[in-house]
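Visitor: Please take me through one part of this model in detail. I would like the sheet, strand by strand, and whatever is attached to it.

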Amino acid sequence: MSDAVDVPIDDDVIRLGQFLKLANLIDSGSEAKTVIAAGLVRVNEEVELRRGRQLHVGDIVAIAGHRVRVAAV
């Protein structure tokens, strides 16, 4: 698996579904719902099934061989 790429956010937290779209890992909110419900998304190496999971700076999200890190602006 590749090294994590930093994706900056404007606030202190962001919801998982929003972050996947911001990081260009998915195209839409409905796609986020589908891939999360299918157990295809990991947050900090653990499968995450909640689209509304709040992510904080430093969290690492992995999907389909891509790893991205929540970063401060």
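**The E6–E7 hairpin and its sheet**

Guide: Start at the turn. E6 and E7 form a hairpin with two residues between them. Ala 64 sits in that turn, with a positive phi of about 50°. This is a predicted model, so every value here is computed from predicted coordinates.

Now the two arms. Strand E6 covers 60-63 and strand E7 covers 66-72. They pair in the antiparallel sense, over four bridges. Within that pairing, Ala 62 stands opposite Arg 67 in E7. Ala 62 also has Arg 42 opposite.

That second partner leads to the next strand. E3 and E6 pair in the antiparallel sense as well, here over three bridges. On the other side of the hairpin, E7 is joined to E1 by five bridges, and these two strands run parallel. Put together, the order is E1-E7-E6-E3-E4. The sheet has five strands, is open, and has mixed pairing. E1 and E4 are the edge strands, each pairing on one side only. In general, strands of a sheet pair through backbone hydrogen bonds, either parallel or antiparallel.

Next, follow Val 61. Leave aside neighbours within four places in sequence. Val 61 is then in contact with Leu 16, Phe 19, Leu 20, Val 41, Arg 42, Val 43, Leu 55, His 66, Arg 67 and Val 68. Several of these names return in the core. The largest nonpolar core has 19 residues. Those with the most contacts inside it are Leu 16, Phe 19, Leu 20, Val 41, Leu 55 and Val 61. Strands and helices both contribute. E1 (5-9), E3 (41-43), E6 and E7 each supply at least two core residues, and so do helix H1 (16-22) and helix H2 (29-37).

Now the charged side chains. The count comes to four salt bridges. Take Asp 6 with Arg 69: the closest N and O atoms are 2.5 Å apart. Asp 6 lies in strand E1 and Arg 69 in strand E7, so the pair ties together parts that are 63 residues apart in sequence. Asp 6 is partly exposed, at 44% relative accessibility. Arg 69 is partly exposed too, with a relative accessible area of 28%.

Arg 67 makes another salt bridge, with Glu 45. Here the closest N and O atoms are 3.1 Å apart. Arg 67 is in strand E7, while Glu 45 is in the loop between E3 and E4, so this pair ties together parts that are 22 residues apart in sequence. The two ends of the pair are set apart by exposure. Arg 67 counts as buried at 18% relative accessibility, because the limit for buried is under 20%. Glu 45 counts as exposed at 51%, because exposed begins over 50%. Both values fall beside a cut-off, so read these labels with the percentages.

A further salt bridge links Arg 53 and Glu 48, with the closest N and O atoms 2.7 Å apart. Arg 53 is buried, and so is Glu 48. Salt bridges that share partners join Glu 48, Arg 50 and Arg 53 into one network. In general, side chains of opposite charge can pair when their charged atoms come close.

Back to E7, at Ala 72. Ile 9 stands opposite Ala 72 across the pairing of E1 with E7. Beyond four places in sequence, Ala 72 touches Pro 8, Ile 9 and Val 57. Ala 72 still counts as exposed, at 53% relative accessibility. For a sense of distance, the C-alpha atoms of Ala 72 and Val 35 are separated by 25 Å. Those two residues are 37 apart along the chain.

Finally, the backbone. Most residues other than glycine have a negative phi. Ala 64, in the hairpin turn, has a positive one. Asn 44 has a positive phi as well, near 50°. Asn 44 lies in the loop between E3 and E4 (46-47). Asn 44 is partly exposed, with a relative accessible area of 36%. Asn 24 also has a positive phi, near 60°. The place of Asn 24 is the loop between H1 and H2. Asn 24 is exposed, at 69% relative accessible area.

Key
Residues numbered from 1 in each chain as written. Predicted model: local features only at pLDDT ≥ 70, side-chain atom pairs only at ≥ 80, totals over all residues. Heavy atoms only, no water. Core = buried A, V, L, I, M, F, W, Y, C linked by side-chain atoms within 4.5 Å. Buried < 20%, exposed > 50% of the residue type's maximum accessible area, 1.4 Å probe, protein only. Contact = heavy atoms within 4.5 Å. Pairing = 2+ DSSP bridges.
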